[in-house]
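Colleague: Please give me a close look at one part of this model. Start with the site that interests a bench biochemist, then place that part in the whole chain.

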Amino acid sequence: MALYAGIDCGTQGTKVVIVDSTQGVILGEGSAPHRLISQANGRREQEADWWIEALITAFHQAVTNAGIDAGEINALGVSGQQHGFVPLDADGNVLHSVKLWCDTETAEENELLLQRLGGAKGSLDKLGLRLATGYTASKILWFKTHHPALWAKLHTVLLPHDYLNFWLTGERVAEYGDASGTGLFDVRGRSWSQAVVNLIDDSGRLWHALPPLKSAECCIGTVRPFAAEKLGLGPAVRVSTGGGDNMMAAIGSGNIEAGTVTLSLGTSGTLFAWSAAPVVAESDMIAGFCSSTNGWLPLICTMNVTSATTAMQTLLDEDLDGFNRLLAQAAPGAGGVEMLPFFNGERVPPLPHARASLHNLDSDNFTRANLCLAVVESATYGLRYGIELFRRQGIETREIRLTGGGARSAAWRQIVADVMGCPVVCLNVKETAALGGAIQAMWATSLADRPHQNAAGLLAELCQRFVSLDEATRTTPNADRQTQYETLYQRYLQRLQRTYPEVQS
């Protein structure tokens, strides 16, 4: 056997998969939860030590479930939640609790940085994307402003997956994919932007704290003895560059060539695609990130998907099966019930202060079934809005690969296919980011051992071997319903623009 481990450090927990590259199968999985520090002012933080504790627990669980000796594992690849800020001192100590992607305490700092950049247009010109509150840059300015004594000790800025790599190897490095979500990185030029860094700190401290960048096919080092002992690993286990969770989920869903879009029906919704060249987006709603495969990964995020359906499910006091039964009882258009599902504001389109609303109710259409369908349809229309932004940029959508809890609903899969006018299919492996980490580790170690191989061809071969589609879930558009939903989507846009005139058509 040739064994590899993929690690995904997410917001809610850490997951580990053990993969046998000779058989092309996942042998075992493990997981452990994370706590969350949450306050009404938007503070969302975790302690970096919690990630290490969860990694050790999940790793041993995966090894036990796989029935293997951890000493046989050859290499590791790490995926992590994007945008988090891990400040280290010269000795490698973490200086502050880690502000996460979902932290909004730094909204004021983000607005200040946007102004310094020249607004959305200046941000697009200088960075290739629009600076958002969730990105790392505003967290760094907040840290400098509120903790000057700790700022004076800052030696290295890392992202969550970079920190796990540091704990494993002692190497303080970053890679292009995750770095492109910091707000300090020129995604088109694939380099740190000193001009933008200087808007936060022109003393040189921040510039020198940014880690060197490694390309995606590299191994960054080997596991240190104390980390190997904690995990039960043998000597000289290599670690690949890893990447942000969206970048690694792209690998784990086989989204490494044009025409495929990965769509997550999770708490929030994400859409991402592969591109061989940087996306010079006319819209600042597309985040033109780099990929963790040495390409680019244009991405769109909406804030209200299963968070919205769960709110309706709770209101109606229905379990998931009951919600899906009600969903199946309603016809497209929900009897005329229209919904804007903005329970959490919205990122795309940019409506941070929007609120959810129901429209066009009467005594006939105000039914439990129509309410269930209206929330699912509206969440899907929000994702269609994102797909249309992709299409305007010339990004093809020949197949949509679905992930997330909502993808388990056959009725919702059909609605996605009909609304998008595109076939959809789920993946057999649910932990796509962790699988992506394992695949990237295989890719990097194989290229290190045989450097003259075709890198892109080898990655395609690995994805073909390990990424399998659940053909039982494949769903194609129904021609009649697709026509209906085209009209209904236009009705949704009209409602959206009447309610929020600032929204682009």
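Modeller: What follows goes from the annotated site outward to the rest of the protein.

First, the ground rules. This is a predicted model, where local features need pLDDT of at least 70, side-chain atom pairs count only at pLDDT 80 or more, and totals for chains, interfaces and linings use all residues. Residues are numbered from 1 along each chain as its sequence is written, and side-chain values use heavy atoms, without hydrogens and water.

Now the site. An unreviewed UniProt entry places the annotation "binding site" on Gln82 and His83. UniProt positions are given in the numbering used here, with shortened feature names, and annotations may be inferred rather than shown by experiment.

Gln82 lies in the loop between strand 6 (73-80) and strand 7 (86-88). Helices (H or I, at least four residues) and strands (E, at least two) are DSSP runs, numbered from the N terminus. His83 is in the loop between strand 6 and strand 7.

Are these residues buried or exposed? Gln82 is buried, because its relative accessible area is 3%. His83 is buried at 9%. Buried means under 20% relative accessible area, exposed over 50%, and partly exposed in between (1.4 Å probe, protein chains only).

What does each residue touch? Contact means heavy atoms within 4.5 Å. Set aside neighbours within four places in sequence. Gln82 then contacts Trp101, Gly177, Asp178, Gly181, Gly244, Asp245, Asn246, Met247 and Phe289. On the same terms, His83 touches Lys99, Trp101, Gly134, Tyr135, Thr136, Lys139, Leu159, Asp178, Gly181 and Phe289. Trp101, Asp178, Gly181 and Phe289 appear in both lists.

Two of these contacts lead into strands. Follow Phe289 first. Phe289 and Ala287 point one way from strand 19 (residues 287-290), while Gly288 and Cys290 point the other way, and all are buried. In a regular strand the side chains alternate between the two faces of the sheet. Strand 19 runs antiparallel to strand 20 (residues 296-302), and 4 bridges join them. Two strands pair if DSSP finds at least two bridges between them. Ala287 faces Leu299 in strand 20. The two strands form a hairpin with 5 residues between them. Asn294 in that turn has a positive phi of about 75 degrees. Most residues other than glycine have a negative phi, and most peptide bonds are trans.

Now follow Lys99, a contact of His83. Strand 8 covers 98-99. Strand 8 belongs to an open sheet of 3 strands in the order 4-5-8, with antiparallel pairing. Strand 4 (37-38) and strand 8 stand at the edges, each with a single partner strand, so one side of each has no neighbour in the sheet. Strand 5 (residues 44-46) is joined to strand 8 by 2 bridges. Gln46 stands opposite Val98 in strand 8. Helix 1 (residues 48-66) lies across strand 4, strand 5 and strand 8, at about 55 degrees to strand 5. For such angles, axes are lines fitted to C-alpha atoms, for helices over the stretch in contact, and angles run from 0 to 180 degrees between N-to-C directions.

Finally, the whole protein. The model has 18 helices and 25 strands. Its radius of gyration is 22 Å, close to the 23 Å that the globule rule gives for 505 residues, so the protein is as compact as a globular protein of that length. That radius is taken over C-alpha atoms, and the globule rule is 2.2 Å times the number of residues to the power 0.38. The C-alpha atoms fill a box of roughly 70 × 55 × 40 Å along the principal axes.

Of the 505 residues, 60% count as buried, and Gln82 and His83 are buried too. Among contacts with a separation of 6 or more, 73% come from residues 24 or more positions apart. The protein exposes about 19100 Å², with carbon and sulfur atoms supplying 49% of it. Accessible areas come from the Shrake-Rupley method with a 1.4 Å probe; for residues, only the protein chains shown count as cover.
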